[in-house]
Protein chains: 2
Amino acid sequence: MTKEKKIKAQKLKGFQDFEPLLMKKKLEFLHLAQNLSALAGYEPIDTPSLEYTETILGEGGETDKQVFRFKDNGDRDVALRFDLTMSFARYISENQGTLIFPFKRFQYGKAWRAEKPQKGRFREFTQCDLDIIGAAPYSGEIDLISTFMNILDQILKEDFTVFVNHRRLISSLIKKTFQGISESDEQTILINLDKLDKIGSESVIRLLSDKFSFDTSSSRTLVDLIVNSKEDNLKAVADYLKGHETGIKDLEDLKETVRIIENSCLSKFGKIKIDLSTVRGLGYYTGMIFETTIDHHQDFGAICSGGRYDNLAERFLSRQLSGVGGSIGIDRILAAKVERLNNHETPSTDAVFIAVAEEKTRPYAFKILEHLRKHKIIANIDLKHQKLAQQFKWANRAGYKKVITIGESERQTGLLNVKYMETGQQKKDIAIADLVNELL
Amino acid sequence: MTKEKKIKAQKLKGFQDFEPLLMKKKLEFLHLAQNLSALAGYEPIDTPSLEYTETILGEGGETDKQVFRFKDNGDRDVALRFDLTMSFARYISENQGTLIFPFKRFQYGKAWRAEKPQKGRFREFTQCDLDIIGAAPYSGEIDLISTFMNILDQILKEDFTVFVNHRRLISSLIKKTFQGISESDEQTILINLDKLDKIGSESVIRLLSDKFSFDTSSSRTLVDLIVNSKEDNLKAVADYLKGHETGIKDLEDLKETVRIIENSCLSKFGKIKIDLSTVRGLGYYTGMIFETTIDHHQDFGAICSGGRYDNLAERFLSRQLSGVGGSIGIDRILAAKVERLNNHETPSTDAVFIAVAEEKTRPYAFKILEHLRKHKIIANIDLKHQKLAQQFKWANRAGYKKVITIGESERQTGLLNVKYMETGQQKKDIAIADLVNELL
């Protein structure tokens with residue numbers, strides 16, 4: 001009302017609004033995740049968005065720079081959570097005395113990263129996590145991945161693939177190929193193997209031999225084994241690992257895990273597949289790892305990933321608490337679906353609109369409104385006190401297909417008319433007792 | 001794993017974890033609010049937690065000091081949202097061109113205030129808002145308050161009262177009592193009337209006359225009228241306002257609103273009541289205002305409140321957008337319920353536990369597990385690979401009342417046994433086809 005200079009209405013870069021169509025989808029996804037994880041015995045928890053910075057920060061890696069960190073009013077060094085994991089580690093440490101392990105958690109919530117915004121990548125995003133603390137390999141992995149697949153099945157309703165690998169298996173392959181290799185050289189190889197999907201085998205081999213001076217023919221052997229694993233050529237991997245007991249055991253366990261999930265999991269759209277080129281978060285994970293992509297939308301990247309970690313709470317506790325867990329990136333999935341959603345964004349609704357013909361019948365109209373809502377029919381009423389013609393115009397513009405007009409005669413007779421806006425047809429003299437059936 | 005000094009696992013002051021029992025309740029509340037507001041045609045939206053500070057801040061009042069504000073990595077002045085309203089005003093301003101008014105929104109999410117933590121009052125809390133932009137008085141108020149009452153009915157399942165008042169009505173009373181009173185003196189009186197519940201009539205009258213030098217007998221007249229309004233003594237108010245048209249009209253409208261809500265709203269536990277001592281957020285609200293308390297837990301304060309505001313988006317737009325809206329304080333309601341919840345916190349679950357007798361039958365056990373989950377039976381399996389006796393011990397401790405043991409003979413015959421832990425009774429040789437019925 002003041003004539004002062006107006007503020008520009010703008011969001012921060014990398015932050016997004018969810019308009020109703022998108023938000024309905026998001027709420028539907030979250031609700032499915034919640035229900036299906038509850039069925040599998042995951043317990044919902046929540047933790048604060050803001051924590052002491054020391055709780056949130058890692059060991060100074062790239063991600064630490066992306067943390068929203070500041071001094072609060074009490075001069076405490078605080079940070080917005082980067083993911084749902086660190087805060088969970090704090091939760092587990094604080095409550096270890098009362099929790100019964102294995103403890104299975106379900107949590108969803110926002111997390112914040114000051115990274116460069118990209119397609120489907122935001123500075124504020126919603127994660128949906130499942131974790132099991134204290135489960136043995138590979139039972140934990142089977143339970144976790146099956147549950148994720150059942151959730152993704154309902155959310156995506158399109159083909160997706162879970163790619164699994166084992167951190168120790170890939171390490172065994174490297175050790176077998178480059179005998180006596182150092183820790184740091186092994187890391188270098190891992191980081192470069194992670195580029196296979198992006199730059200291809202030849203470039204990776206060239207990188208390894210030219211830039212890092214690894215023997216070219218060994219590099220080729222390793223890369224070929226890994227790339228061929230995608231074509232289910234696991235026998236070659238097993239043959240190669242002969243004599244390397246840990247590696248062979250890990251491969252066998254991986255195959256058995258995949259087999260059990262294939263045979264028991266209820267997912268219609270999901271497949272699970274061993275892929276030795278799946279190399280992720282290697283500082284963090286210590287056992288099986290997995291990544292999921294939508295089959296015809298691989299450009300959207302991993303939509304659900306995780307793995308086994310040795311010690312969740314090591315920054316807080318001496319006690320070892322190992323677990324297996326993962327996240328669904330709800331916002332990324334929504335972004336992948338958004339184009340298709342927008343195509344349907346014609347305003348059209350199953351809701352019923354109640355037009356008020358005379359002001360004095362408004363109380364009665366509100367009664368009918370509540371009656372409909374009670375019977376699970378979405379219903380709205382004229383809230384602008386407009387003329388009847390305006391009300392119909394509004395209902396049309398807002399996409400209502402059914403309009404009930406209420407005037408004095410309707411109030412006196414208790415008989416109502418429903419107008420079907422698309423056909424113009426009217427259904428007359430419906431008793432209130434029959435109204436719900438007519439509208440369903 | 002390292003022997004470094006451990007970090008203390010601690011939350012920030014005023015922040016809370018939600019353990020499973022509490023979180024289940026919270027998710028149930030949010031889902032009810034979501035469903036019931038959807039039925040009433042409220043559209044869900046979401047807005048960012050972090051905004052430019054100028055979007056969030058008011059005009060330098062007390063609340064501005066409670067904002068979590070900082071410079072982000074791009075040196076922008078940013079703030080965590082203080083409530084869901086300012087961010088909504090920005091949303092409405094940015095999208096005014098495409099929204100169809102009246103626009104009804106539903107939004108829930110976290111908000112942050114660096115205020116002193118108290119019982120049921122946290123620095124991070126969840127709000128659940130309904131607003132209607134562009135609705136006429138009092139249709140908007142009726143739709144909004146009825147919907148809130150329907151939601152509170154389901155969430156609280158105990159008696160509550162919505163106290164309504166009108167800002168202009170109270171202003172008319174003051175103007176009638178103190179002819180020619182200044183704006184700022186009127187504010188002083190309002191602020192002091194707000195203390196009636198806490199310090200009582202006599203103290204307020206003394207304050208007004210001693211400290212602020214208002215005429216004692218006029219102050220008493222005003223205070224008596226307001227306090228007596230609680231006993232439905234509205235005729236006295238109407239008589240007093242005789243000749244003051246606006247005031248009389250506002251009182252009539254208020255009574256009519258209450259009457260319509262009483263007659264149409266479906267709430268079983270909720271009452272609505274005019275109470276002229278309900279004085280809130282007066283800088284912000286311009287029409288009807290309301291506050292809700294739980295009848296036998298008034299000590300928990302207002303759990304749902306709001307009112308009509310003249311111009312939501314004035315800081316962004318010249319266009320006037322008036323609305324009516326309110327918030328449910330979900331965390332405060334949870335806090336009010338938490339003691340009663342804790343009484344039931346014996347670990348006991350309807351879930352089924354699957355014990356694995358022999359490792360080689362584990363794949364089959366996972367199959368049964370998925371079968372149960374598919375049929376909406378919450379089911380868990382041994383994930384620790386323990387001996388059978390240990391598994392039973394664990395199931396007992398975790399509160400499972402039904403255990404299915406799966407071994408080689410079960411796998412071969414397809415017949416399963418269910419053990420009821422409380423009675424020790426066993427039900428034997430159940431075919432898989434009958435299993436779900438047995439467990440329901």
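Before you click anything, one cut-off: a residue is buried under 20% relative accessible area, exposed over 50%, and partly exposed in between. Keep in mind, too, that this is a predicted model.

**Stop 1: Glu94(B)**

Select Glu94(B), which sits in helix α3, residues 85-95 of chain B. Its relative accessibility is 34%, so Glu94(B) counts as partly exposed. Now show what surrounds it. Setting aside neighbours within four places in sequence, Glu94(B) is in contact with Ala9(A), Gln10(A), Lys11(A) and Asp17(A). Next, add Phe316(B) to the selection and draw a C-alpha to C-alpha distance: you should get 8.7 Å between Glu94(B) and Phe316(B), although 222 residues separate them in sequence.

**Stop 2: a three-stranded sheet in chain B**

Switch to cartoon and pick out β2, β4 and β3 of chain B. They form an open sheet in the order β2-β4-β3, with antiparallel pairing. At the edges are β2 (50-52) and β3 (69-71) of chain B, each pairing on one side only. Going from one strand to the next, the twist averages 35°.

Zoom in on β2(B) and β4(B), the latter covering residues 77-80: three bridges join these two strands in the antiparallel sense. Which residue of β4(B) is the bridge partner of Glu51(B)? Select Ala79(B), and you have found that partner. If you turn on hydrogen bonds here, remember that strands of a sheet pair through backbone hydrogen bonds.

**Stop 3: the axis between the chains**

Now bring both chains into view. A turn of 180° with a shift of 0.0 Å along the axis lays chain B on chain A, with an RMSD of 0.1 Å. That is the relation of a two-fold axis. The two copies also use the same surface, as 100% of the contact residues of chain B recur in chain A. To find the axis from the chain B side, select Phe70(B): of the residues of chain B, its C-alpha comes closest, at 3.1 Å.

**Stop 4: chain A as a whole**

Finally, hide chain B and zoom out on chain A, which has 16 helices and 16 strands. Its radius of gyration is 28 Å, well over the 22 Å that the globule rule gives for 440 residues, so chain A is more spread out than a compact globule. Line up the principal axes and the C-alpha trace spans about 95 × 55 × 45 Å.

Colour chain A by burial, and 58% of its 440 residues count as buried. Switch to a surface: about 18700 Å² is exposed, with carbon and sulfur atoms supplying 49% of it. For a contact map, take the contacts with a separation of 6 or more; residues 24 or more positions apart account for 67% of these in chain A.

Note on methods
Residues numbered from 1 in each chain as written. Chains lettered and ligands numbered in written order. Predicted model: local features only at pLDDT ≥ 70, side-chain atom pairs only at ≥ 80, totals over all residues. Heavy atoms only, no water. Pairing = 2+ DSSP bridges. Helix = DSSP H or I, 4+ residues; strand = E, 2+ residues; numbered from the N terminus. Axes fitted to C-alpha atoms, helices over the stretch in contact; angles between N-to-C directions. Least-squares fit on C-alpha atoms with pLDDT ≥ 70 in both. Contact = heavy atoms within 4.5 Å. Rg over C-alpha atoms; globule rule 2.2 N^0.38 Å. Buried < 20%, exposed > 50% of the residue type's maximum accessible area, 1.4 Å probe, protein only. Areas by Shrake-Rupley, 256 points an atom, 1.4 Å probe, with all protein chains shown as cover.
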